[in-house]
Protein chains: 2
Amino acid sequence: MTAPENRRIVLAERPTGAATASAFRLERAPVPAPAAGEVLIRNLWLSLDPYMRGRMSDAPSYVPPVAVGATMVGGTVARVEASRDPRFRAGDLVVAMGGWQDYAVAAADGVRKLPAGFAHPSYALGVLGMPGFTAYMGLLEIGRPRAGETVVVGAATGAVGSVVGQLAKREGCRVVGIAGGADKCRWAVEGLRFDACVDHRDPAFPEHLAAACPGGIDVYFENVGGAVLRAVLPLLNLHSRVPVCGLIAHYQGEAPVLGADFAPALLRAILVKRITIRGFIVFDFYGPRFEEFVERMSGWLRDGSVTYREDVVDGLERAPEAFVGLLAGRNFGKLVVKIAD
Amino acid sequence: MTAPENRRIVLAERPTGAATASAFRLERAPVPAPAAGEVLIRNLWLSLDPYMRGRMSDAPSYVPPVAVGATMVGGTVARVEASRDPRFRAGDLVVAMGGWQDYAVAAADGVRKLPAGFAHPSYALGVLGMPGFTAYMGLLEIGRPRAGETVVVGAATGAVGSVVGQLAKREGCRVVGIAGGADKCRWAVEGLRFDACVDHRDPAFPEHLAAACPGGIDVYFENVGGAVLRAVLPLLNLHSRVPVCGLIAHYQGEAPVLGADFAPALLRAILVKRITIRGFIVFDFYGPRFEEFVERMSGWLRDGSVTYREDVVDGLERAPEAFVGLLAGRNFGKLVVKIAD
């Protein structure tokens, strides 16, 4: 029997434009050992999220990029294998920034224990974790929807969008999703109970969106940018709010579709319609509100008022192709990689 | 002796691009007579403001445009000549939307009496009126500057910008103005006591602005758009706020200088730096806050903590050329037209 090894997926090169699997490389290395105040964790589930595309680029951002040759970052649900911190012991399930790899050493201060009996550990990477909390704070604190208003959300069946829409329904809003393809649109209406969902791949998408929003748009939860934002802009109402959570269409170079006339049109709309556009990152909101969120969302999952769908990919080695698919919109639900049992 | 006539300046045609005096026409008409609930007013002072360029265009906006052939709209200080409303009598000084003309009939409900002994009636069109209140609410309610932060304001010596900067100084901020030409920049520093003022006509304007804001920009009060906004964007700090009050550079077609890369850069900055951009129009704020504003601002003018400069043009017939000059930045201080004593 050989000593266990650590498979890890590193950034092989910085992609320009659309990322492909060749941007990544699988390496094998010894399993690291924890120092005092650290834990060794075995990653069980890896979350794949659009923000990771930003970390592959060296454009200035809110955190430094992943270095070429370094392990890709990512949130994981993991099991503690060995602990050199009194707060953890072997067997504990935790949420960590474990990265795209089998094992990781993590500072105990950066690891959060899952409550005993947590029903679906992978949900801590989605509806009960960062994406769910992003949806919760972005919609309720920045979007501030009122009953009767129209809320539009892009990437509607994704980890964030699906929660945004369902929470807006709880607030008494008309909810219109935007998604890629008929299957996702059907799920948004039948599974997530949105009032409508419009396929952004349809050539008549702008007209379909306008038809689905006869009273205009009061809150546009921005996950996408690009051609979707272009179609949304003329529909925004007086005093509408636009929380900017992500711009997935821009991460791979689609942004030029906006055209030279877009910035003036956007600025004019902001002025004339008194629109509020506000970027946010969920890290700004962690603290006491996170516990409140987990408690409320757990209740909504139990009573069925929030539905959650995962897209599970089996095996760490498949993370690169799954991530490339995520950026192209090929996932259907929150994308997670199952690394181990 | 002939009966008095009403000279009025009407919109002769909708300009495309830069407006010229030929967009206007002086007409003569009989003095109108008030009906019940109305007053006849003699305009004494006419305010000229950038928003009027928007009223000359039929692009969708927050109010309908001025019809071709109709009298140009505008705020005035006027004297009541005849009243058919018990709240007013001949001789009262009022603020009204009297328009670009000698006389107007106005609904008594739309007219506000100036307090007896109001020291400078024309100030009710500027520092103690709509532009001053715009600066007050936009800076304090949307910009929300904190002591030690850097506040940048364009059109720095104008009716709004000069008040924004002086109020930001009162809040303990570093204030950097942007203005066109050395004389205005000197006034902003020596007269208005800004910390610095940068000439946007200088080819090295972006570098000069960066040098004047070594700690970045926390609040950018947007009056201008165009190349000024382009230079501001890379300097905006995390969690900065951008009240959008006006876009004078766009009113006449300068907007294309922004370029096709600007909208993606703007959206990315909003996301990564968690910027809040919010359009506003002062009409949204009228109500109890206006009285508070007049009282506080009157005190600041008396004690010298706010300085105010007017650019007075003599004669209604000169309003068109003065307005064309305003859009080109040729005024120096709040532009008002003296129509009569």
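**View 1. Chains A and B meet through the same surface.** Of the interface residues of chain B, 100% are also interface residues in chain A, so the two copies use the same surface to meet. Please keep in mind that this is a predicted model. The contact draws 30 residues from chain B and 30 residues from chain A. On the side of chain B that touches chain A, α7 (262–272) and β13 (276–279) are the elements that each supply at least two residues. The largest share, nine residues, belongs to α7(B). Sorted by class, this side of chain B holds 19 nonpolar, six polar and five charged residues.

**View 2. A turn of 180 degrees lays chain B on chain A.** The superposition has an RMSD of 0.0 Å, with a shift of 0.0 Å along the axis. This is the relation of a two-fold axis. To find the axis from chain B, look for Ala260(B): its C-alpha is the nearest of that chain, at 1.9 Å.

**View 3. Strand β13 of chain A pairs with β13(B).** Here residues 276–279 of chain A run antiparallel to β13(B), and three bridges join the two strands. A handy landmark is Ile277(A), whose bridge partner in β13(B) is Ile277(B).

**View 4. Chain A is assigned two domains.** Domain 1 covers 5–125 + 309–338, while domain 2 covers 130–282. Taken over C-alpha atoms, the centres of these domains of chain A are 28 Å apart. Where they touch, domain 1 of chain A contributes 15 residues and domain 2 of chain A contributes 16 residues. The side belonging to domain 1 of chain A consists of six nonpolar, five polar and four charged residues.

Key: Residues numbered from 1 in each chain as written. Chains lettered and ligands numbered in written order. Predicted model: local features only at pLDDT ≥ 70, side-chain atom pairs only at ≥ 80, totals over all residues. Domains from an automatic or database assignment. Contact = placed C-beta atoms within 7 Å. Nonpolar A, V, L, I, M, F, W, Y, C, P; charged D, E, K, R; others polar. Least-squares fit on C-alpha atoms with pLDDT ≥ 70 in both. Helix = DSSP H or I, 4+ residues; strand = E, 2+ residues; numbered from the N terminus. Pairing = 2+ DSSP bridges.
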